[in-house]
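Visitor: I have a structure to look over and would like to go through it step by step. Where should we begin?

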Amino acid sequence: MRYGYYPGCSLSGLARPYDMSTKAIAEPLGIQLEEVEDWNCCGATEYFAVNKMAAYALVGRNLANAAQQKSFTDLVAPCSACYVNLRKTDHNMGKYPKLAQKVNKALEAGDLSYDPGTLQVRHLIDIIVNDIGYDAIREKVKEPLKGLRIAPYYGCLIVRPELGEPLDDPEYPMSLDLLMEALGAQVVDFPLKAHCCGGHMTQISSDTAYELIRRLLHNAAEYDADAIVTLCPICQLNLDAYQSNINRHFGTDFKIPILFFTQMIGLALGMPPKSLGIGKEFVSAAAMLRKIGTEPELEAAPTGKKQDDKSLPMPGKREG
Amino acid sequence: MNVTKSNHTFLMQVMDATLGGEALLTCLQCGSCGGSCPSGPDMEHTPRRIFAMIGAGMRDEVLKSNTPWYCVSCYYCTVRCPKEIPITDIMYTLKQMAIEAKLYDDRDAPDFSQSFIGFVENYGRSYEVGLATRFHLTHSPLKKFDYAPFALTMLTKDRLQLRPERIKGIGQLRAILNKAKTMEDM
Ligand code: SF4
Ligand code: SF4
């Protein structure tokens, strides 16, 4: 099936492994992804806080561009924040005609328009479990994730808020659990599975965020999880990149790799870890890979800047 | 934009500036929102109390409080509220009003939002390195956490984008955003 693909900013930066693994599993699962032309940022959780009308218009441009492509009706976002912003804009434009009018008035300034309902905005997990389906996936599994104990982590934005047909239960979702089981993994009890990862609070007030992250890691560790599997770049970043800070802050010793569900699908389909972006995580997944009999291929350290690199200078390293 | 119309009561202003905001009139003060809020312990006032304060017209106290800035947009309150009050969206409204009235005490959160938006308006994309660098340099980086080793690890893991990407239609996007900014919020 053919889908519009809205990767969003994170997937070209911090969550590149999510983009790599999504593209890697698309073909074997029979998914064709057509990227939205010249898409712009969805505004994350920031733009709506500063100017709502501009935020709706920002998202509106993406919907208008995607609708113009006409080769798909379903628009897929792998990032939960992008998903909620795209879906919320389409949904609210349909529900409040006055909003639709205003958004279209703004879009007119760029010769665009969008008719709410033209596109169906969906999260990647939705098309995988509902369009492809657990059974079809189970049949494709070559290397079952036997013996792996997985804590499935949903976070907030794919299950809440309710915008039209709900994707899963807002407090106790199951789709990722069932998917991991279809891959042959053992799902551990993870009562905090739909709790918040702290979102942007890691940037603003680390104390608030660290406690939320600590609870999640603690819950997964208590049940001896080999990995936490996520479907959102922000959740992945917070739990992975800040894990060592959490350990320092609380005197804990968590070593739980945080992987994307698409990487787990890829492993079960027998793809090499490197092709799925595994190896780019802060907390190594090597022990988990060995458990399923896959020898991790370590990434070579980068050899320094490329000659033609016109990038901005990196922040200097502070001494002392 | 301009959310604030001075001839309206504060409660009406908040409702007008929030889609579905009228529901605020039906708040039962049951506290489900505050009880569900992961940031609750760090907020000066729980969401429930903020709504009582809005009803009581305590504009300055509400807009000065850290409550909306500690909201992480998790939507727990919103799905649990028995009256279907769009609480998360009200938090967005309060942030916008606080910025417009220059009434926030905690500067970090508004600065973060505005740095983020600066990149979006200049490039059409957000840009993690620039955002984090700009933010951490202006906000006593050592107090928060040491950003340099963090960025370095990201770099060796090939997870940092080294320069912001600019979309082709940046002119078009700015025209759209500028138009939108001339409109009343809802
Ligand atoms: S959950 Fe809803 S009704 Fe209850 S106090 Fe909060 S806003 Fe009011
Ligand atoms: S959306 Fe905001 S106010 Fe509501 S529970 Fe989550 S953090 Fe608290």
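Guide: Helices here are DSSP runs of H or I with at least four residues, and strands are runs of E with at least two. The model is a predicted one.

Visitor: How many helices and strands does chain B have?
Guide: Read along the sequence, the pattern of chain B is α-α-α-α-α-α-α-α-α-α-α-α. Every element in that pattern is an α. The count for chain B is therefore 12 helices and 0 strands, with runs taken as defined above.

Visitor: What percentage of the residues in chain B is buried?
Guide: Buried means under 20% relative accessible area. Chain B has 186 residues, and the buried share of them is 58%.

Visitor: What share of the exposed area of chain B do carbon and sulfur atoms supply?
Guide: The area that chain B exposes is about 7,600 Å². Of this, the share from carbon and sulfur atoms is 52%.

Visitor: Which helices of chain B each supply at least two residues of the shell around ligand 1?
Guide: The shell around ligand 1 has 13 residues, and those that come nearest are Cys27(B), Cys30(B), Gly31(B), Cys33(B) and Cys81(B). By class, this shell has 9 nonpolar, 3 polar and 1 charged. The helices that each supply at least two are helix 2 (32-36) and helix 3 (47-55).

Visitor: How many charged residues does the shell around ligand 2 have?
Guide: Around ligand 2 lie residues including Cys37(B), Cys71(B), Cys74(B) and Cys77(B), along with Ser73(B) and Thr88(B). Cys counts as nonpolar. The shell has 7 nonpolar and 2 polar residues, and the number of charged ones is given as no charged residues.

Conventions. Residues are numbered from 1 along each chain as its sequence is written. Chains are lettered from A and ligands numbered from 1 in the order in which they are written. This is a predicted model: local features need pLDDT of at least 70, side-chain atom pairs count only at pLDDT 80 or more; totals for chains, interfaces and linings use all residues. Side-chain values use heavy atoms; hydrogens and water are left out. A residue is near a molecule or strand if one of its heavy atoms lies within 4 Å of it. Buried means under 20% relative accessible area, exposed over 50%, partly exposed in between (1.4 Å probe, protein chains only). Accessible areas come from the Shrake-Rupley method with a 1.4 Å probe; for residues, only the protein chains shown count as cover.
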